[in-house]
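These are my notes from going through one model. I began with the overall layout and then looked up single residues.

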Amino acid sequence: MKKSMLIAAMFAAGVAFAAPLQASNLTPVGIEIQEGKVKIEPDTLPDPVKTSIANDEEVKSLTITEAWQWTLPDGSFQFEVVFDNGTEEKLSKKYDKDGNEIKD
């Protein structure tokens with residue numbers, strides 16, 4: 001009987017000392033990672049990518065809403081740029097580090 005009371009007391013004490021779980025409303029600061037891609041600030045896109053965007057009639061007047069970067073196995077980078085084209089489904093284009101558009 002004493003053993004079961006001791007176990008019950010230990011269990012109750014463990015529950016009493018356990019830290020309560022709290023939902024966190026904290027927003028992560030820094031980078032966001034999605035499927036191996038890292039979210040970057042649009043102004044940090046390489047100049048060749050910015051130049052391609054500026055010379056592209058389809059997107060040059062649109063606002064960039066997101067920019068993503070990921071590393072390829074050879075160590076080079078690719079970029080995905082999401083534009084606000086006034087529709088619910090945003091326009092997205094991919095570029096290599098030299099500003100060449102990558103067609104899927």
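Before anything else I wrote down how strands are assigned: a strand is a DSSP run of E with at least two residues, and the numbering starts from the N terminus. With that settled, I placed lysine 37 in strand β2, which covers residues 37-40. I also noted that this is a predicted model.

**Entry 1: overall layout.** I looked up the secondary structure and found two helices and six strands. Read along the sequence, the pattern is α-β-β-α-β-β-β-β. The chain has 104 residues, of which 20% count as buried. I also looked at contacts between residues at least 6 apart in sequence, and 39% of them join residues at least 24 apart.

**Entry 2: confidence.** The mean pLDDT of the chain is 80, and 66% of the residues reach 70 or more. Which elements have the lowest and the highest mean pLDDT? Helix α1 (residues 2-17) is lowest at 53, and α2 is highest at 98. I marked residues 23-30 separately, since pLDDT stays under 50 there. For residues 23-30 the model has zero contacts beyond four places in sequence.

**Entry 3: lysine 37.** Is lysine 37 buried or exposed? Its relative accessible area is 16%, and the cut-off for buried is under 20%, so lysine 37 counts as buried. I then looked for what surrounds this residue. The lysine 37 side chain makes a polar contact of 2.6 Å with the side chain of glutamate 80. Lysine 37 also lies over the face of tryptophan 68, at 5.7 Å from the ring centre. From C-alpha to C-alpha, lysine 37 and phenylalanine 79 are 8.7 Å apart, although 42 residues separate them in sequence. I searched for aromatic pairs as well and found zero in the structure.

**Entry 4: two loop residues.** Aspartate 56 sits in the loop between α2 (47-54) and β3 (63-71). I counted aspartate 56 as buried because its relative accessibility is 15%. Which residues does aspartate 56 contact, leaving aside neighbours within four places in sequence? They are Lys93, Tyr95 and Glu101.

Serine 76 is in another loop, the one between β3 and β4 (77-84). Serine 76 is buried too, with a relative accessible area of 16%. Its side chain is joined to that of aspartate 74 by a polar contact of 2.6 Å. Not counting residues up to four places away in sequence, serine 76 touches Trp70, Thr71 and Lys97.

**Entry 5: strand β5 and its partners.** I followed the side chains along β5 (residues 91-96) and found that they alternate. Leu91, Lys93 and Tyr95 point to one face and are buried. Ser92, Lys94 and Asp96 point to the other face and are not buried.

How many bridges link β4 and β5? There are six, and the pairing is antiparallel. One position I checked was phenylalanine 83, whose bridge partner in β5 is leucine 91. The hairpin of β4 and β5 has six residues between the strands, and glycine 86 in it takes a positive phi near 85 degrees.

β5 also pairs with β6 (residues 101-102), again in the antiparallel sense, over two bridges. Here lysine 94 stands opposite isoleucine 102. The hairpin of β5 and β6 has four residues between the strands, and its glycine 99 has a positive phi near 85 degrees.

Technical notes. Residues numbered from 1 in each chain as written. Heavy atoms only, no water. Phe/Tyr/Trp six-rings, centres within 6.5 Å; stacked < 30°, edge-to-face > 60°. Lys NZ or Arg CZ within 6 Å of the ring centre and 35° of its normal. Buried < 20%, exposed > 50% of the residue type's maximum accessible area, 1.4 Å probe, protein only. Contact = heavy atoms within 4.5 Å. Polar contact = N/O pair within 3.5 Å; in protein donor to acceptor, adjacent residues only side chain to side chain. Pairing = 2+ DSSP bridges. pLDDT = per-residue confidence, 0-100.
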